[in-house]
Amino acid sequence: MKDIFRMRTAQHPATRHWRHALAPGGLPLAGHALLMGRKPLQFLASLPAHGDLVELRLGPRPVFLPCHPELVQQVLVNARIYDTGGPVKEKAKPILGNGLITSDWADHRRQRRLVQPAFQAARIAKYAEVMEEECAAESTAWSARRPIDVSHEMLALTARVTARALFSTDMAPHAVAEIQHCLPIVVEGAYRQAIDPTGLLARLPLAANRRFDDALHRLNQLIDRMIDDYKAADDGDRGDVLSALFAAQDDETGGTMSDQEIHDQVMTLLLAGIETTASALTWTWFLLGRNPRAEAALHAEVDEVLGGRAPVYADVPRLAHTQRVFSEALRLFPPAWLFTRTTTEATELGGRRLPPGSDVLISPYVMHRDPALFPDPESFDPDRWLPERAKDVARNSYLPFGGGSRKCIGDVFGMTEATLALAAIAGRWRMRPIPGTKIRPRPQMSLTAGPLRMIPEPR
C-alpha cells in the first residue's frame, strides 16, 4: 500500500489523474447529514477508498473532503483562498467571538501577529513553571488502587494549568471550578449546534440549551472580570498570557487590541487549550493501559531521565519517547478531528472547479488512519515517530495541530504540558485499566473519550 502511495506521489502534479467521487449513502434533501450525525468518524474514514477528493452533501449543500496530503496542503497553505468558514465557523462565532479560530483571513493575520508574542520560547519557559507545579500536585493527589476517572482528572489538570498561564494572579478555587464546570457544557452545546443543518435545535426550549446558555454566560462574565481586574491593577507584565495580550502592539500598524478582542482571544484559548489537551492525555493513558511494551518503555525513560524526582522544563528535550507516545496518541485520536474552510473565490482543487463559497472539510482523523499514509494505522506504535521512520511520513498527512498559517498557536505549549504531565504521573504510577472497560470516541468540537476509570498502582 505504501509503494502504491509513493507511485502516486511521484507523478508530476500536472499529469496526475486525481480521483473524484461522490460519497455513497446520501439521502434526498438530507444528503449525508444523518451519517455525519450518527457515525461521523466511521463515515469519513471510509471515504479515502473512493477518491482523492470526495464530495458529500450536508442537506442540499455540497461539501468537499480532500483525502490526499497534497490536496490538503493546497488548502492549508492558501489561507486567503481557503478561508475559515462553513457551518462550524458560522455557529462557533457567537460563542468564540472574532478570535484566532473564527476570524477571517485579514483579521487573522493581524491577530496572529499580536498573539504570537504570548507564546514565544521565553514565555513558554515561564508557563512551564506552572505546569511543573500542577503536574507534581496531580501526581501526588491520588490514592493507591482507588479507581479514578482519568478524563475528569486530566480536565482538572489542564484547566488549572491553562487558567494560571492565562491569569497569573492566584485565582480563587471557585474560579477554576467555574471553568471546569462550564467548559464541557459549552463545548458539547457548540458541537450540537454546529452539526444541525437546520439551525432549529438551538431555538428549542430544551434543558440542554438552557444549560449551554447559562454556562456560556458564566464563562463570559468570568473573563470580563479578569480583564477588568487587570486594567484596574495596571501593574505591568505579570509573565502570563493576558499581560502579553494587553502589551501586544502590531508592528505594521502600531495598533493594540481592544478589550473585546482580548476577551475573544481568551475565550478561544480557554476552549482550545483545556479540553483538547485533556482529551489527548486521556487517550494516551487508555492506549498505554492496553500496550504494556509502550508503557514499560515510557517508565524506563522516565526513570532514567528523572531518577525519581519530578520533571522540570529542562527535562523535556530528553523525554523523547514520552513525546513519541503523545504524538502517537494524537495520531490515533486527534482532538481537532475536523475543521472547515470556505473558498473566497473560484479555484481548482484536484482538477475540480470550486465556485466561491464552496465548503471544504479537512479531517486529521481521516488522514491519520489512511493505510496508504500510515502502515498498520490502527496500531499504537510510538516508534513510528523515531527520526529514521518519521522522515517517511508524507507532508500534511499528520495534522494534530492543523497546518499552514492557522496552525494551532499553542502547539508547543500543549506538547510541553503533556510531556511534563505524562512524566510526572508515570514516575509514580502504573495506570491499570479496569477489566471490561470500553470507551468510544465522542466526536464533538474535539474528539473526547468520555469517562475513563482506571486504577493507579504505585510503582
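Guide: A salt bridge is a side-chain nitrogen of Lys or Arg within 4 Å of a carboxyl oxygen of Asp or Glu. The model is predicted: local features need pLDDT of at least 70, side-chain atom pairs count only at pLDDT 80 or more, and totals for chains, interfaces and linings use all residues. Residues are numbered from 1 along each chain as its sequence is written, and side-chain values use heavy atoms, without hydrogens and water.

Visitor: How many residues apart in sequence are the parts that Arg 113 and Glu 252 tie together?

Guide: Happy to trace that one! The salt bridge between Arg 113 and Glu 252 brings their closest N and O atoms to 3.5 Å. Arg 113 belongs to helix α6, residues 105-115 (helices are DSSP runs of H or I with at least four residues, strands are runs of E with at least two, and both are numbered from the N terminus), while Glu 252 sits in the loop between α11 and α12 (259-273), so the parts they join have a sequence separation of 139 residues.

Visitor: Is Glu 252 buried or exposed?

Guide: Its partner Arg 113 has 27% relative accessibility and counts as partly exposed, the class between buried (under 20% relative accessible area) and exposed (over 50%), using a 1.4 Å probe and protein chains only. For Glu 252 the relative accessible area is 55%, which makes this residue exposed.

Visitor: Which residue forms a salt bridge with Asp 315?

Guide: Asp 315 is buried, at 3% relative accessible area. Its partner has 39% relative accessibility and is partly exposed. The closest N and O atoms of the pair are 2.8 Å apart, and the residue that meets Asp 315 is Arg 309.

Visitor: How many salt bridges does the structure hold?

Guide: Some of them go beyond a single pair: Glu 133, Glu 134, Glu 138, Arg 160 and Arg 164 are linked in a network. Another joins the side chains of Arg 57 and Glu 55, with N to O at 3.0 Å. In the whole structure, the number of salt bridges is 27.

Visitor: Are the rings of Tyr 230 and Phe 246 stacked or edge-to-face?

Guide: Rings of Phe, Tyr and Trp (its six-membered ring) pair if their centres lie within 6.5 Å, with planes under 30 degrees apart called stacked, over 60 edge-to-face, and the rest tilted. The count by this rule is 9 aromatic pairs. For Tyr 230 and Phe 246, the centres are 6.3 Å apart and the planes at 15 degrees, so the pair is stacked.

Visitor: In which helix is Phe 246?

Guide: This pair links distant parts of the chain, its members being 16 residues apart. Tyr 230 is in helix α10 (residues 207-233), whereas Phe 246 is in helix α11.

Visitor: Which residue lies over the face of Tyr 230?

Guide: Tyr 230 is buried, at 7% relative accessibility. A charge sits over a ring if NZ of Lys or CZ of Arg is within 6 Å of the ring centre and within 35 degrees of the ring normal. At 3.8 Å from the ring centre of Tyr 230, the residue over its face is Arg 238.

Visitor: What separates the C-alpha atoms of Arg 145 and Arg 432?

Guide: Arg 145 is in the loop between α7 (121-139) and β5 (148-149), and is exposed, with a relative accessible area of 56%. Arg 145 and Arg 432 are 287 residues apart along the chain, and their C-alpha separation is 9.0 Å.
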